[in-house]
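Work through the exercises below with the sequence and the model open. Try each task before reading its solution.

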Amino acid sequence: MKSGFMIHTLLLVFLVSLQSYAQDHIQKPLKQYSLGNLRAIAVSPDEKYLATGGSGGAYLWDFNTGKILFYLTHEDVWTMDFSPDGALLLTGNVNGIITLYDTRTGTVKKKYSSPEVVFSVDFSPDGKSFLSCGWYIFGSSMFLIWNLETGENYEFYESYPSEARFTPSGTKILTAEYGKSELYDVETQTILQTFKRYHEGGNYYNINSVDISSDEKYAVIGIKGAAILYDAQTGEEIQIFDHDTPTFGSVIVREVCFSPDGKYLLTVSSNDLLTKWDISTGQIEFTKPHYSNDLCCTAFLPSSMRIIAGKSNGDIDVLDERKGDVIRTFKGHNEGIAASSLSLDQKLLLTGHFTSYAKLWDLNTGLVLTEFNDDNYESGYVALSPDGQYVLLCSCSEPKSAYMLDARTKEKLFTFPLSHYRGTVGFSKDGNYLLTGCSLRDYLGNLIHTFEGECAFFTPDSAKILTFDDDDEAILWDIESKKPIHTMDIPSRFSYPPPVFSRDSKLLFFCTGMMDDSHDSQLWDLTKGTKIRDISAGYTESAAFSAGARYLVIEDGIWSNKHKISFLDINSMRAKSSFCAHKGPASSIYFLNDRRILSTGEDGTIRFWDVPSFLSTVTDYQYYR
């Protein structure tokens with residue numbers, strides 16, 4: 001099973017980022033929940049093992065019990081494939097490293113160094129060689145055949161594919177390239193057949209995925225709006241599986257796959273639909289929503305004819321091949337985490353994901369207690385009540401709304417209108433109030449007061465509210481009197497990511513945010529309403545004050561491609577310590593009462609860290625919220 005077609009520019013960003021990551025200090029997390037973004041999956045031919053890979057590393061599972069057998073690597077894995085006997089596993093990453101594992105022990109047998117970003121690997125049917133595909137950093141691609149034992153390789157033809165695979169006989173290779181799919185003879189390295197599809201204007205469609213039937217009679221390509229079936233011997237177009245219909249809309253077919261008996265076809269489209277087709281009739285057998293194959297695989301299992309599919313929220317489903325019913329689900333991988341909220345006792349964590357899902361985690365067990373996926377929820381702002389009983393989520397759709405839900409049953413208790421696209425929500429730490437936009441309410445949903453501004457945040461002492469408006473003015477309000485305390489000249493861009501308060505509500509730190517590379521972060525004295533200093537710390541997506549506000553802990557480094565967590569002395573603003581924490585920005589950082597640090601990442605992982613030694617003397621962690 002192979003990775004899908006990768007967007008060129010995305011690969012370049014990840015290559016530079018992860019090479020820099022590897023050169024910096026990597027601190028091993030004390031504990032990790034969620035296995036990161038799901039990028040690749042593979043099942044051994046005997047269906048004994050499941051391998052999964054992503055930003056949180058690679059894992060080998062027992063496919064029958066659902067238990068993780070081995071944590072293989074911390075590297076960001078983008079592709080994987082089992083040997084024909086299931087005894088070996090190949091993984092490839094964007095650092096150009098291809099690793100061979102023994103599936104019985106989980107140990108590394110051999111590593112192969114490739115000069116390109118590896119996003120496709122494939123064993124030959126005899127298990128003696130393998131293919132790799134990838135991009136050079138400057139744009140050209142390479143297609144290599146490797147000797148498994150010696151590690152010797154040679155460039156196959158002058159081809160620039162995004163995907164390459166052996167045919168079942170091992171005598172041919174099928175590739176997906178920009179605008180065409182080609183079938184090669186391995187021995188002579190000659191092109192046997194070329195499969196293309198042209199627009200009305202004469203230009204050809206881009207090929208997103210390819211497959212060939214087990215008897216090698218038919219080939220299929222996935223393009224914009226359709227999957228096209230060809231006679232592999234003559235190149236003649238046989239059947240069009242049209243996806244530009246009322247069922248699908250105008251979509252891109254990202255993945256295509258034949259069933260082992262060659263009678264059916266699976267397609268995954270850009271609107272997250274998994275569809276099974278009868279090849280002889282061209283009719284749809286079933287269509288299932290919430291599947292996305294941008295970075296991982298969907299395929300028939302070789303012996304049982306069941307279907308395995310990577311879901312858009314990071315779960316991996318095993319489906320009955322007749323009706324598409326879910327037989328079982330492997331959980332652990334997650335889409336990137338954009339925001340989070342911690343309960344007062346620090347036992348529960350609410351995470352908002354880029355797939356418009358939200359999840360409630362038990363931090364003692366790492367289990368997901370509740371998954372909120374009934375609506376398209378906005379990932380940027382989520383809130384968990386101090387007692388962990390309620391959540392606040394915002395809708396992506398119009399009209400913009402905020403929902404208050406029961407954290408366990410998902411029952412919608414109240415729906416509140418939001419007047420601005422920046423739909424901030426929050427609970428006060430004392431458990432008395434909630435915010436929807438700039439509207440202050442009680443837990444029964446009654447409106448108490450609406451403050452001026454477009455978005456608002458509680459201070460940790462639950463006595464004040466900080467509001468922002470589009471005129472780059474921030475106001476600190478007293479909740480009891482509803483009167484302003486300070487009016488401050490703070491750009492509204494500092495409202496996302498949300499502002500960070502010290503425990504005593506005296507200091508305020510503003511992160512630069514994702515798209516703001518031309519401005520510094522800012523540190524403010526909230527008691528006086530004055531700016532203390534600008535901080536040239538580079539890009540920051542999240543931060544937290546240590547107990548006593550002696551140190552500022554920040555996510556640092558997208559412009560330097562390092563994605564570090566750094567500890568800054570609050571007086572000098574110099575880093576005393578730093579380490580690479582995630583394969584991408586850290587979306588949230590928390591100091592925990594037990595002297596650990598909790599961070600969530602846009603790589604989809606939730607990680608716990610030990611604090612540096614210079615923080616071990618701090619005694620007031622138990623007061624930090």
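**Exercise 1.** With which residue does K400 form a salt bridge, and how far apart are the closest N and O atoms?

Solution. The model is predicted: local features need pLDDT of at least 70, side-chain atom pairs count only at pLDDT 80 or more, and totals for chains, interfaces and linings use all residues. Residues are numbered from 1 along each chain as its sequence is written, and side-chain values use heavy atoms, with hydrogens and water left out.

Step 1. A salt bridge is a side-chain nitrogen of Lys or Arg within 4 Å of a carboxyl oxygen of Asp or Glu. K400 forms one with E378, and the closest N and O atoms are 3.7 Å apart.

Step 2. Strands are DSSP runs of E with at least two residues, numbered from the N terminus. K400 lies in the loop between strand 35 and strand 36 and E378 in strand 34, so the pair ties together parts that are 22 residues apart in sequence.

Step 3. Buried means under 20% relative accessible area, exposed over 50%, and partly exposed in between (1.4 Å probe, protein chains only). K400 is buried at 9%, whereas E378 is partly exposed at 26%.

**Exercise 2.** Find the salt-bridge partner of E216 and place both residues.

Solution. Step 1. The side chain of E216 meets that of K172, at 3.1 Å from N to O.

Step 2. E216 is in the loop between strand 18 (209-212) and strand 19, and K172 is in strand 15 (residues 172-177), so the salt bridge ties together parts 44 residues apart in sequence.

Step 3. E216 has a relative accessible area of 9% and is buried.

**Exercise 3.** Describe the surroundings of strand 20 (residues 226-231).

Solution. Step 1. Of its 6 residues, 6 are buried, so strand 20 is largely enclosed by the rest of the structure.

Step 2. In a regular strand, side chains alternate between the two faces of the sheet. A226, I228 and Y230 point one way, while A227, L229 and D231 point the other way.

Step 3. Two strands pair if DSSP finds at least two bridges between them. Strand 19 (residues 218-223) runs antiparallel to strand 20 and is joined to it by 6 bridges; I221 has I228 as its bridge partner. Strand 21 (residues 237-242) also pairs with strand 20 in the antiparallel sense, over 5 bridges, and A227 stands opposite F241.

Step 4. Look at the turns. The hairpin of strands 19 and 20 has 2 residues between the strands, and G225 in the turn has a positive phi of about 90°. In the hairpin of strands 20 and 21, with 5 residues between them, G235 takes a positive phi near 80°.

Key. Helix = DSSP H or I, 4+ residues; strand = E, 2+ residues; numbered from the N terminus.
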